[in-house]
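Subject: Structure for you to look at

Hello,

I am passing on the structure we spoke about, with notes on what turned up in it. Please look through it first and then read on.

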Amino acid sequence: CLQTSVRGEDCIALKVYPYDWQLYAYAETEYWPYEEYTTHLGSTKDEPTSKDFGEFMKDREEFKMSKNMRQMQRMMGNNNDD
């Protein structure tokens, strides 16, 4: 198991023989910001780097904004789910 922080997000990678590395990131729920869930980002054959996590995260809707920006948006009551 590999744990890292990428772009302020907590991430983990698991390597279970005979499969490739499986990359996950924690994201907050919209309903309760202090509760997180894991979301599968993708897989790599070699041990993942921060760049690998970043490449997968940049295309995911839940990571379009930084963690700090998402927290500020929730505090201000702004939600783009209109």
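This is a predicted model, and the notes below should be read with that in mind.

Overall layout

The chain holds two helices and four strands. Along the sequence the order is β-β-β-β-α-α. Along the principal axes, the C-alpha atoms occupy a box of roughly 45 × 20 × 20 Å. Of the 82 residues, 28% are buried. The accessible surface is about 6000 Å², and carbon and sulfur atoms account for 51% of that surface. There are 10 positive and 16 negative side chains, with 5 Å between the centres of the two sets. If one takes the contacts between residues at least 6 apart in sequence, 39% of them link residues at least 24 apart.

Strand pairing

β1 pairs with β2 in the antiparallel sense through five bridges. The two strands make a hairpin with two residues between them, and V6 sits opposite E9 of β2.

β2 is also antiparallel to β3, with four bridges between them. I12 has Y24 in β3 as its bridge partner. This pair of strands is a hairpin too, here with six residues in between.

β3 in turn runs antiparallel to β4, and eight bridges join these two strands. E28 faces E36 of β4.

Two backbone points

Which residue in the turn between β1 and β2 has a positive phi? It is R7, in the loop between these strands, where phi is near 55° although the residue is not a glycine. R7 is partly exposed, because its relative accessibility is 41%.

The other point concerns P18, in the loop between β2 (9–14) and β3 (21–28). The peptide bond that leads from Y17 into P18 is cis, and its omega is near 5°. Both cases deserve a look, because most residues other than glycine have a negative phi and most peptide bonds are trans.

Residues in the strands

E9 belongs to strand β2. Is E9 buried or exposed? Its relative accessibility is 1%, so E9 counts as buried. Outside its neighbours within four places in sequence, E9 is in contact with T4, Y26, M57, F63, M65, S66, K67 and R70. Among these, T4 lies in β1 (2–6) and Y26 lies in β3 (21–28), while K67 and R70 fall in α2 (67–76).

T39 is in strand β4, which covers residues 36–44. T39 is buried as well, because its relative accessibility is 7% and the limit for a buried residue is under 20%. What does the side chain of T39 make a polar contact with? The partner is the side chain of R60, at 2.8 Å. R60 is also on the list of residues in contact with T39 beyond four places in sequence, together with L23, Y24, A25, E62 and F63. Y24 is thus shared between two of the descriptions here: it is in contact with T39 and is the bridge partner of I12. F63 likewise appears twice, in contact with T39 and with E9.

S43 is in β4 too. With a relative accessibility of 35%, S43 counts as partly exposed, since that category runs between 20% and 50%. Leaving out residues up to four places away in sequence, S43 touches D20, W21, Q22, L23 and F56. L23 is in contact with T39 and with S43. Between S43 and M72 the C-alpha distance is 31 Å, with 29 residues separating the two in sequence.

After the second helix

G77 is in the segment that follows α2 (67–76). Its relative accessible area is 60%, so G77 is exposed. G77 and Y34 are 43 residues apart along the chain, and their C-alpha atoms are 16 Å apart.

Those are the notes I have for now.

Regards

Notes
Residues are numbered from 1 along each chain as its sequence is written. This is a predicted model: local features need pLDDT of at least 70, side-chain atom pairs count only at pLDDT 80 or more; totals for chains, interfaces and linings use all residues. Side-chain values use heavy atoms; hydrogens and water are left out. Buried means under 20% relative accessible area, exposed over 50%, partly exposed in between (1.4 Å probe, protein chains only). A polar contact is a pair of N or O atoms within 3.5 Å; within protein, one must be able to donate a hydrogen and the other to accept it, and residues adjacent in sequence count only if both atoms are side-chain atoms. Contact means heavy atoms within 4.5 Å. Accessible areas come from the Shrake-Rupley method with a 1.4 Å probe; for residues, only the protein chains shown count as cover. Lys and Arg count as positive and Asp and Glu as negative; His and the chain ends are not counted. The place of a charge is taken as NZ of Lys, CZ of Arg, CG of Asp or CD of Glu. Two strands pair if DSSP finds at least two bridges between them.
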